[in-house]
Amino acid sequence: MNESDAMNPARREALALGRDMLVGGAAACWAGSPSARAASPRRDAPVMRKLTLRVNGAAQALELDTRTTLLDALREHLHLTGTKKGCDHGQCGACTVIAGGRRINACLSLAVMHDGDEVTTIEGLGKPGHLHPMQAAFVRHDAYQCGYCTPGQICSSVAMLEELRHGIPSHAAADVAAAPAWTPDELRERMSGNICRCGAYSNIIEAITEVAGAQP
Amino acid sequence: MKAFTYERATSTAQAAVRAASVPGAKFIAGGTNLLDLMKIEIEAPAHLIDVNGLDLAKIEPTPDGGLRIGALVRNTDLAADAGVRRDYPVLARALLAGASPQLRNRATTAGNLLQRTRCPYFYDPDQACNKREPGSGCAALAGWRRMHAIVGTSDACIAAHPSDMAVAMRVLDAEVETMRADGSTRRIALADLHRLPGATPHLETTLDAGELITAVVLPSPPGGTHVYRKVRDRASYAFALVSVALVRQPDGSGRVALGGIAPKPWRDEDAERALASDPHAVVDGLLKDARTSPDNAFKITLARRTLDAAIADARSAR
Amino acid sequence: MKFDTPATKNPIDRLAVVGHPVDRIDGPLKTTGTARYAYEHHDAVARPAYGYVLGAGIAKGSIHSMDLAAAKAAPGVLAIVTADNAGPLGKGDKNTATLLGGPTIEHYHQAIALVVAETFEQARWAARRIRVDYGPVDGTFDLARAKESASKPASGKPDTAVGDFGNAFAAAPVQLDATYTTPDQSHAMMEPHASTALWDGDTLVIWTSNQMVAWGVADVAKTLGIPKEKVHLMSPFIGGGFGGKLFVRADAVLAALGARAAKRPVKVALPRPLMFNNTTHRPATIQRIRIGATREGRITAIAHESWSGDLPGGKPETAVDQTRLLYAGANRMTAMRLAVLDLAEANAMRAPGEAPGMMALEIAIDEMAEKLGIDPVQFRIANDTQVDPEHPERPFSKRRLVDCLAIGAEKFGWKARNPHPAGTRDGRWLVGFGVAAAFRNNLVTRSGARVRLGKDGVVTVETDMTDIGTGSYTIIAQTAAEMMGVPLHRVVVRLGDSDYPVSSGSGGQWGGNSSTAGVYAACTKLREAVATKLGLPPDADFADGRVRAGSRDVAVADAARNGELVAEDHMEYGDLDKRYQQSTFGAHFVEVRVDAATGETRVKRMLAVCAAGRILNPKTARSQVIGAMTMGVGAALSEHLVVDRYAGFFVNHDLAGYEVPVHADIPHLDVVFLDETDPMSSPMKAKGVAELGICGVAAAIANAIHHATGVRVRDYPVTLDKLIDRLPLLAREEES
């Protein structure tokens, strides 16, 4: 084993696994057969679990590998691909959904942890032809470009206005004990968990400001 | 991510018992750091005990005038608590300086304390890391160290603790309450919760296997003016280069803890006695054993100037 | 249609639809999450398997052996693709390194295997079970150290010279000789590179996130060794590109190979932490600039030299190009040198060449103005040129740099600027103003389209053009609506499909003008067909859904009453871009605040004034510019792929470590477009604007930081550690 291998725990573990589970591989491009895959239970076999998500008002019964994130449950199992995978590590906000009334990163939550939870995704806010006021404001203000961060920005902004309404403070507050102000700087700070690499920020804040102003 | 079995804990005691008895078990609460690390197999639990359903999400006054914060209180809720904002504003400010609203909506009080370093070499399984794989070496030592610790480090590890909240908790003399598998509980001063890396950087806390943090207890409010000043490259959603938690009394005395520069929240009660007379002496005391590289030597100057700025903020807030 | 004489009055000039700030026609899809990106075609692909990419763990060397046994045995695994078993693979014309490494490893995180499994979770687990024994060898990773070994690049114009720079510079009474560095940068688009592939017989059907459909078809075919006709490539929505998706990447090739091996549709997305070292990046540069001027501020000598690195066979960052054109000066020279670096492939990122080149040049100009004691706006104006300085007989088609600077200065309130650096303070903040010119060449590219007039009167445009957030869907619809005289909602636009005519694609800010010009050509043909069908003369007027000629007034839809009319054409270009220098111009004005204690810089306000030909849609064009300005803020203040010079890779390879701007970094941004048409560029009289917007931004910010603090930083990004030791003393330090 060379030095770079010695540095790598994943590879070490792979080596250990390899000792007791060697399977002959074909010389050509390897493709497994169904029989080879139907082996007896093994320690890395997926653990399946039944759960119900209440997504956009509809109960969705699923049986999922426990490793499935809420994000992948939505995208790959319910085919609600409006929620985006940008980084899968909580560093971009493209996967923002509203779960239990709060915006969260769906990539950093396991689906099984949300058994029974209400989840609102972008598809639950509005549809083409019946846009949510925030979606309509994003269109009017051109508050997007490539569109990939957009559902996350919109879900985040809808939940963010609720947070403001409930008096949740932010880093932008001059006095953290005071009720938060509805200023552009407050909105910017509160939306900073949603990265837009196209750089639509200036327009996004204008879209949100318009919706915020129209609401009591 | 390794396959794992999953259960929802129904009581604190049962959770602790299960954690000690099921091989490879880990607690999961917010999951914002654990899942992040599980995806790249830096964490590979065989069993997850979901503690989110436990009754540990309350913020209550203590008989001696302090505050008992349940381990599952979300960062957002703690920062929004009226008592915290009024009596411990340094804590609210530190919380709000950390992560993003989405992450704060999930991240819990105990999970925040236990989050692991963001050292990029720790996060890259193809690089040597004594924290990730004891004895493999430290690629950061010869690498890029701008975000790394300058005090409390060792030849084995120079990783910094990433939490803002913990820095404020430290300046507030917080203690953590825990429960162990045998049902016993104990309190650990936050100062004693995190270990320095020494030769064993993979051992990060003084918790026993399976020991569950149930609450963080704050003593009665320290009064004074509270400032949390976080310095970072972008204006939000970034880890600290340096942060300063300051509680300053009208006579200029007070308490100081630093973040971004050490493997744990960094405070020195002896050094901070000089706060009123010579603030730079406080920083000099805190950083007296600093070991820097060209990448991060600026943190010494930055820490001094940030403390100056925090004191100026405190003065103008009076 | 060939465009070889300057445009005259044409149907676009009516401006009934073109030129209006209409909402994007794809807006409802994007805002409801119903626009489908490459990994999301569940409607078309029923049961895809999941591919997970394994990247190399060393920067350079070879794979001694790969043990796949544990991975093969892992649950759910359907196939594993490696260089060993993939069969012979070619290399795409646009790729420098191979997309599937092994046994040779050319760079860190080069893909070395794809594991295909029933589920994403299974594929991810199994990929890490592959055991690789590497034979690492030493590589070269540090541009500064490799600089001396850099050589003349084989492509482009490595050296230019006019007059006698050496003597003119030596004789100049005021001189500047300064060296600047720009770091490696990442596109960091929000959608990771992703593909879904399936085989329909021997035809590959692939949805991939790619800016250039035809290039993609060609390079997928070449890599896989199949005819181009056997590749059906689709890219209807792209979650950001910025040049990072100009070329076929590992996700596409591996999805195709994985689908072949697994006999199933396979989808692959690059994991975010892999992207930074696996894909392309904007390379770091070292730039030396020398300027000589008279005491009155007239530039007499200007030289710009740039060093960058790339893998063997790679290309230089053309950071000197704008210096050949931007300012007057009789004696000039530029030089580019290329070092071999064993980092990931260097390649185009938004405004390649000009973006990093202007980062350096426009600080140098600011420094020169300071030396001369001349206002930096006035210094730029004084050295304007209306002709190509290397070929004075060759004019610019349109050049309104002076207007951009003057109008911008007026709107920004530039005259309030304190002439003395470090002279303005607002509480804890040091306040500074900065300016820079913006410059980016205008490129025109052949582009085709097919246009249909349906029985219902709906006009449908088909072209393989892509919309990477630029607004292509919308401006193409506006163009077709204008040409055919129908309202916007009667136009359907279909993009990003290799079954459609080959377009310019999206890159180099050529897409907007070139692709609409292609639609113009096809619509011109369709108008002729409609007129013929209706028995009207070819110069009939198309407006309001009617075709009119003389006393005849017929609904346009009538022409298709007996069957759809179809026309296809492309626009190609003569030598107008040789006879006239076609460029776009602008000026960036910035106010920054630098924390007097910590050196943190926050941008307070920004204004861009752009002269870029006809603005086809002021709403989407403005978005392009504010997006570019935002990326410029990142370039100025935080973006830096950090090279581990020992291990040879970009260390901060995720979105936590590579800091792009967030909401809190960006104030309201102002953009002004000068009213302009450029008849030399195309019948659209438009030019590009998406890259112009980033050129100069970072320098304007760096100049503003200098103005605020008195500290001149020549190494990007301008982070606080580069300021902190040179900031003014704090008040309480002064007291003590």
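A residue counts as buried when its relative accessible area is under 20%. In this predicted model, C:Arg249 has a relative accessibility of 4%, and is therefore classed as buried. C:Arg249 is placed in the loop between strand S12 (231–234) and helix H7 (250–262) of chain C. A polar atom of the C:Arg249 side chain lies 2.8 Å from the backbone oxygen of C:Asn278. C:Asn278 is also among the contacts of C:Arg249 beyond its neighbours within four places in sequence. With those neighbours left aside, the contacts of C:Arg249 further include C:Asn95, C:Leu99, C:His193 and C:Glu345.

Two annotated domains were examined, one in chain C and one in chain B. In chain C, an unreviewed UniProt entry assigns the annotation "domain: Aldehyde oxidase/xanthine dehydrogenase a/b hammerhead" to residues 32–138. Helix makes up 13% of this span and strand 33%, and its end C-alpha atoms are 50 Å apart. In chain B, the feature "domain: FAD-binding PCMH-type" is placed by UniProt, again from an unreviewed entry, at residues 1–223. Those residues are 27% helix and 16% strand, with 46 Å between the end C-alpha atoms.

Nonpolar packing was considered next. In soluble globular proteins, nonpolar side chains tend to be buried together. The largest nonpolar core holds 277 residues, and within that core C:Val530 and C:Ile701 touch the most other members. Helix H9 (residues 354–372) of chain C supplies the largest share of this core, eleven residues. Not counting residues up to four places away in sequence, C:Val530 touches C:Leu453, C:Met484, C:Phe542, C:Val547, C:Val556, C:Ala559 and C:Leu565. Another core, of 38 residues, lies apart from the largest one; B:Val73, B:Ala94, B:Ala110 and B:Leu190 are among its members.

The count of disulfides over all chains is zero. For C:Cys404, the closest cysteine sulfur belongs to C:Cys610 and is 6.8 Å away, which is too far for a bond, because a disulfide requires the two sulfur atoms to be within 2.5 Å. C:Cys404 is buried, at a relative accessible area of 0%. C:Cys523 is likewise classed as buried, with 0% relative accessibility.

Salt bridges number 94 over all chains. Side chains of opposite charge can pair when their charged atoms come close. In chain A, the side chains of A:Glu162 and A:Arg165 form one such bridge, with 2.4 Å from N to O. Both residues belong to helix H7 (residues 150–165) of chain A, and because they are three residues apart in that helix, about one helical turn separates them. A:Glu162 is partly exposed at 34% relative accessibility, and A:Arg165 is partly exposed at 35%.

In chain B, B:Glu60 is joined to B:Arg68 by a salt bridge whose closest N and O atoms are 3.8 Å apart. B:Glu60 has 30% relative accessibility and counts as partly exposed; B:Arg68, with a relative accessible area of 24%, is also partly exposed. In chain C, C:Arg579 and C:Asp575 meet through their side chains in a salt bridge of 3.3 Å, N to O. Relative accessibility is 39% for C:Arg579, which is partly exposed, and 36% for C:Asp575, which is also partly exposed. Elsewhere, shared salt-bridge partners link B:Arg170, B:Asp173, B:Arg255, B:Arg267, B:Glu269 and B:Glu272 into one network.

Several backbone features were also found. Most residues other than glycine have a negative phi, and most peptide bonds are trans. C:Gly102 and C:Pro103 are joined by a cis peptide bond, with omega about -5 degrees. C:Pro103 belongs to the loop between strand S4 (77–82) and strand S5 (104–105) of chain C. A cis peptide bond also joins C:Tyr716 to C:Pro717, with omega about -10 degrees. The loop between helix H16 (697–709) and helix H17 (731–735) of chain C contains C:Pro717.

Positive phi values occur at A:Asp142, near 50 degrees, and at C:Lys685, near 60 degrees. A:Asp142 lies in the loop between helix H6 (133–140) and H7 of chain A and is buried at 0% relative accessibility. C:Lys685 is in the loop between S32 and H16 of chain C, and is buried with a relative accessible area of 8%.

Note on methods:
Residues are numbered from 1 along each chain as its sequence is written. Chains are lettered from A and ligands numbered from 1 in the order in which they are written. This is a predicted model: local features need pLDDT of at least 70, side-chain atom pairs count only at pLDDT 80 or more; totals for chains, interfaces and linings use all residues. Side-chain values use heavy atoms; hydrogens and water are left out. A salt bridge is a side-chain nitrogen of Lys or Arg within 4 Å of a carboxyl oxygen of Asp or Glu. Helices (H or I, at least four residues) and strands (E, at least two) are DSSP runs, numbered from the N terminus. Buried means under 20% relative accessible area, exposed over 50%, partly exposed in between (1.4 Å probe, protein chains only). UniProt positions are given in the numbering used here, feature names are shortened, and annotations may be inferred rather than shown by experiment. A nonpolar core is a set of buried Ala, Val, Leu, Ile, Met, Phe, Trp, Tyr and Cys residues joined through side-chain atoms within 4.5 Å. Contact means heavy atoms within 4.5 Å. A polar contact is a pair of N or O atoms within 3.5 Å; within protein, one must be able to donate a hydrogen and the other to accept it, and residues adjacent in sequence count only if both atoms are side-chain atoms.
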